[in-house]
Amino acid sequence: MPLREHLRELRRRVVLIALGLVVGGVVGWMVYEPVFDLLQAPILDAADDRDDRVALNFQGVATAFDVRVKVSLFLGVLFTAPWWIYQLWAFVTPGLTSKERRYAVGFLAVGVPLFLAGAGLAWWAVPNAVHLFTEFAPAGTTNWVDAQLYLGFFMRVVLAFGLGFLLPVVMVALNLTGLVRARTWAAGWRWAVLVAFVFAAIATPTPDAVTMLAVAIPICLLFFAALGMCVLHDRRLDRRLVAQGLPRLDGTTPDDDDAPRAARGGDTATGTA
């Protein structure tokens, strides 16, 4: 296909994605009120604990409208995710081999549940954060929480948790493409654990250790699970290369493995003599 046809195809896919987002935004506008009730629930729970001294605040005349538009668009992106992912897939799939298509489908099948799991964990962490932070308000004061800042904070935390749970997908993808070997991931496991805990400390808005561990431990477990898959892939690939008479990925051959044994055997024989 010439470049002009590629550009036309890209334009068609972008238009279809935009139309899908518009439809999703309309649906998000229709279900805004029950979704907003769920988002506001942590604020209402904190208000009950502080005798109604915590509440969302819409500062401007049009702020409520702006918040509804933003939440509706955010919901539209979530609702139409299968649609725009398919459009992106339909655009790139003609240039992929059958093996690459299987890999892509596998990554999507694993990545989507992991992202949703991270987002669900964030949904559990945010109410704890709201409850903790509102307790710092002195007695006799009222905590007016800006609605736009609160909803933006809520969405950022959900996205951060979801992206954090995609770590194993990135690891396996880099290993399958040959960019990073399993031994490289294994050599840096201490740094990976440290980064997981630092990420958990930054992403979790609460300073308590329980919430941080609830985020860091699953990420560490996902890292080691992905490391195991990378090890199995490298071993399988090494066996295939050796069967074809080629060196392994690290440049060694089975003869290199026998060389130290021969040297040890020679030393033993010399010592016995």
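Let me start with surface charge. Asp45, Asp48, Asp49, Asp51 and Glu135 gather in a patch of negative charge on the surface. One of these residues, aspartate 49, has its place in helix H2, which covers residues 32-49. Please bear in mind that this is a predicted model.

There is also a patch of the opposite sign. Lys99, Arg102, Arg235, Arg236, Arg239 and Arg240 gather on the surface in a patch of positive charge. Two elements give two or more residues to this positive patch, namely helix H5, residues 98-134, and helix H10, residues 209-243. Which of them provides the largest share? That is H10, from which four residues of the positive patch come. Arginine 235 is found in helix H10, and this arginine counts as exposed because its relative accessibility is 53%, where exposed means over 50%.

I turn now to the salt bridges. A search of the whole structure finds four of them, and I shall discuss three.

Two involve glutamate 9. In one salt bridge, the side chains of glutamate 9 and arginine 12 meet at 3.4 Å, N to O. These two residues are three apart in helix H1, which spans residues 3-30, so they are separated by about one helical turn. As to burial, glutamate 9 counts as buried because its relative accessibility is 19% and the limit for buried is under 20%. Arginine 12, at 42% relative accessibility, counts as partly exposed.

The side chain of glutamate 9 also meets that of arginine 13 in a salt bridge, here at 2.7 Å, N to O. Arginine 13 and glutamate 9 are four residues apart in helix H1, so about one helical turn separates them as well. Arginine 13 counts as buried, with a relative accessibility of 13%.

The third bridge joins arginine 181 with aspartate 234, and its closest N and O atoms are 3.6 Å apart. Where in the chain do arginine 181 and aspartate 234 lie? Arginine 181 is in the loop between helix H7, residues 167-176, and helix H8, residues 182-187, while aspartate 234 is in helix H10. The pair is 53 residues apart and links distant parts of the chain. Are arginine 181 and aspartate 234 buried or exposed? Both are buried. Returning to helix H1, salt bridges that share partners join Glu9, Arg12 and Arg13 into one network.

The next topic is the aromatic residues. The count comes to six aromatic pairs. One of these is formed by phenylalanine 223 and phenylalanine 224, with 5.3 Å from centre to centre and 80° between the planes, which is an edge-to-face arrangement. How do the partners stand with respect to accessibility? Phenylalanine 223 counts as buried, at 5% relative accessibility, whereas phenylalanine 224 is partly exposed, with a relative accessible area of 36%. Elsewhere, ring pairs link Tyr32, Phe36 and Phe58 into a cluster.

Let me come back to the surface, this time to its nonpolar side chains. Val22, Val26, Trp29, Met30 and Phe65 make a nonpolar surface patch of about 540 Å². Which helix gives the most to the nonpolar patch? That helix is H1, with four residues. Methionine 30 lies in helix H1, and at 64% relative accessibility this methionine counts as exposed, because exposed means over 50%. Helix H1 therefore appears twice in this account, as the helix that holds glutamate 9 and arginine 12 and as the element that gives the most to the nonpolar patch.

Finally, the overall architecture. The protein has 11 helices and two strands. Read along the sequence, these elements follow the pattern α-α-β-α-α-α-β-α-α-α-α-α-α. The protein has 273 residues, and buried residues make up 32% of them.

To close, I would recall helix H10. That helix gives four residues to the positive patch, and it also holds aspartate 234, the partner of arginine 181 in a salt bridge between distant parts of the chain. Thank you for your attention.

How values were computed
Residues are numbered from 1 along each chain as its sequence is written. This is a predicted model: local features need pLDDT of at least 70, side-chain atom pairs count only at pLDDT 80 or more; totals for chains, interfaces and linings use all residues. Side-chain values use heavy atoms; hydrogens and water are left out. Patches are made of residues with over 30% relative accessible area and no salt bridge: like charges are joined within 9 Å, nonpolar side chains (Val, Leu, Ile, Met, Phe, Trp, Tyr) within 5 Å. Accessible areas come from the Shrake-Rupley method with a 1.4 Å probe; for residues, only the protein chains shown count as cover. A salt bridge is a side-chain nitrogen of Lys or Arg within 4 Å of a carboxyl oxygen of Asp or Glu. Lys and Arg count as positive and Asp and Glu as negative; His and the chain ends are not counted. The place of a charge is taken as NZ of Lys, CZ of Arg, CG of Asp or CD of Glu. Buried means under 20% relative accessible area, exposed over 50%, partly exposed in between (1.4 Å probe, protein chains only). Rings of Phe, Tyr and Trp (its six-membered ring) pair if their centres lie within 6.5 Å; planes under 30 degrees apart count as stacked, over 60 as edge-to-face and the rest as tilted.
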